[in-house]
Amino acid sequence: DREFAAYMGAKSHYHMSAVYSKSQVNTDRALAKLQDYINLYPDGEYAEEANGLVSELRYKLDRKAYEIAKNYHHRSRYIPAIKSFENFIIQHPGSDFMDDAQFYLIDSQYLYAIKSREELVPERLEAATKYYNTFVSRFPASEYREDADEIMENINDYKLKNNI
């Protein structure tokens with residue numbers, strides 16, 4: 001029947017989706033095909049399974065975007081890391097990597113600030129402080145909380161030493 005054919009076609013694209021570290025062209029295609037099936041047959045026989053596959057594929061895209069941003073951070077490329085984490089936060093709401101991304105955004109901004117020319121440090125630390133405040137309000141019990149608090153203590157120490 002048509003519903004079965006639509007679902008199996010979408011599922012075949014799902015099986016062509018590569019691991020997160022590879023190109024995600026097939027993942028995007030699979031998402032589109034699964035979404036087409038779900039839109040055509042919202043109460044269909046395979047709708048629940050299709051939604052599960054969509055969740056798996058979205059997780060894969062989330063992980064890819066997060067790992068790219070984290071790679072910039074670990075290579076001390078703080079400007080692209082900051083941009084990538086900011087984009088991740090906007091483009092991947094509800095992601096399992098959200099607290100990780102928010103923390104590494106703070107860390108990237110902080111490291112970028114302290115490695116800047118002296119006259120640029122205060123403004124850049126202020127941005128790190130804003131990221132910290134967002135992080136703490138959204139993820140008060142995060143596994144990164146102690147590390148984030150330590151960064152904030154370093155920012156406050158810098159401000160005290162430099163009368164800011």
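## A guided tour of the predicted model

The tour begins with the charged side chains, among which six salt bridges are counted, a salt bridge being a side-chain nitrogen of Lys or Arg within 4 Å of a carboxyl oxygen of Asp or Glu. The structure is a predicted model, in which local features need pLDDT of at least 70 and side-chain atom pairs count only at pLDDT 80 or more, while totals for chains, interfaces and linings use all residues. Residues are numbered from 1 along each chain as its sequence is written, and side-chain values use heavy atoms, with hydrogens and water left out.

**Salt bridges**

Select Lys-11 and Glu-49, whose side chains meet in a salt bridge of 2.8 Å, N to O. This pair links distant parts of the chain, with Lys-11 in helix H1 (residues 2–16) and Glu-49 in helix H3, 38 residues apart. Helices (H or I, at least four residues) and strands (E, at least two) are DSSP runs, numbered from the N terminus. Glu-49 is partly exposed, with a relative accessible area of 37%; buried means under 20% relative accessible area, exposed over 50%, and partly exposed in between (1.4 Å probe, protein chains only).

Next, select Arg-63 and Glu-67, which form a salt bridge with the closest N and O atoms 3.5 Å apart. Both residues lie in helix H3, four residues apart, about one turn of the helix. Arg-63 is partly exposed at a relative accessible area of 27%, and Glu-67 is partly exposed at 25% relative accessibility.

Move on to Lys-83 and Glu-86, another salt bridge, with the closest N and O atoms 3.1 Å apart. The two are three residues apart in helix H4 and are therefore separated by about one helical turn. Lys-83 counts as partly exposed, at 48% relative accessibility.

**The end of helix H3 and the loop that follows**

Select Asn-71, which is found in helix H3 (residues 47–74). Asn-71 is partly exposed, with a relative accessible area of 40%. Add Ala-81 to the selection: Asn-71 and Ala-81 are 10 residues apart in sequence and 7.8 Å apart in space, C-alpha to C-alpha.

Tyr-72 also has its place in helix H3 and is partly exposed, with a relative accessible area of 22%. Tyr-72 and Ser-108 are 36 residues apart in sequence, yet 9.2 Å apart in space, C-alpha to C-alpha.

Then select Ser-76, in the loop between H3 and helix H4 (78–91). The backbone is the point of interest here. Most residues other than glycine have a negative phi. Phi of Ser-76, by contrast, is near 60°, a positive value in a residue other than glycine. Ser-76 counts as partly exposed, at 44% relative accessibility.

**Aromatic pairs**

Display the aromatic rings next. The count comes to 14 aromatic pairs; rings of Phe, Tyr and Trp (its six-membered ring) pair if their centres lie within 6.5 Å, and planes under 30 degrees apart count as stacked, over 60 as edge-to-face and the rest as tilted. Select Phe-103 and Tyr-144: their ring centres are 4.8 Å apart and their planes at 5°, so the pair is stacked. Phe-103 lies in helix H5 (residues 98–114) and Tyr-144 in the loop between helix H6 (121–138) and helix H7 (145–161), so this pair ties together parts that are 41 residues apart in sequence. Both Phe-103 and Tyr-144 are buried.

Keep Tyr-144 selected and add Tyr-104, with which Tyr-144 forms an edge-to-face aromatic pair, 5.9 Å centre to centre and 65° between the planes. Tyr-104 lies in helix H5 and Tyr-144 in the loop between H6 and H7, so the pair ties together parts that are 40 residues apart in sequence. The relative accessible area is 12% for Tyr-104, which is buried, and 11% for Tyr-144, also buried.

To view the wider setting, select Tyr-59, Tyr-66, Phe-85, Phe-88, Phe-97, Phe-103, Tyr-104, Phe-135, Phe-139 and Tyr-144, which form one aromatic cluster.

**A final stop in helix H7**

Select Glu-150, which lies in helix H7 and counts as partly exposed at 48% relative accessibility. Extend the selection to Glu-146, Asp-147, Glu-153 and Asp-157, which gather with Glu-150 in a surface patch of negative charge. Patches are made of residues with over 30% relative accessible area and no salt bridge, like charges being joined within 9 Å and nonpolar side chains (Val, Leu, Ile, Met, Phe, Trp, Tyr) within 5 Å. Accessible areas come from the Shrake-Rupley method with a 1.4 Å probe, and for residues only the protein chains shown count as cover. Lys and Arg count as positive and Asp and Glu as negative, with His and the chain ends not counted; the place of a charge is taken as NZ of Lys, CZ of Arg, CG of Asp or CD of Glu.
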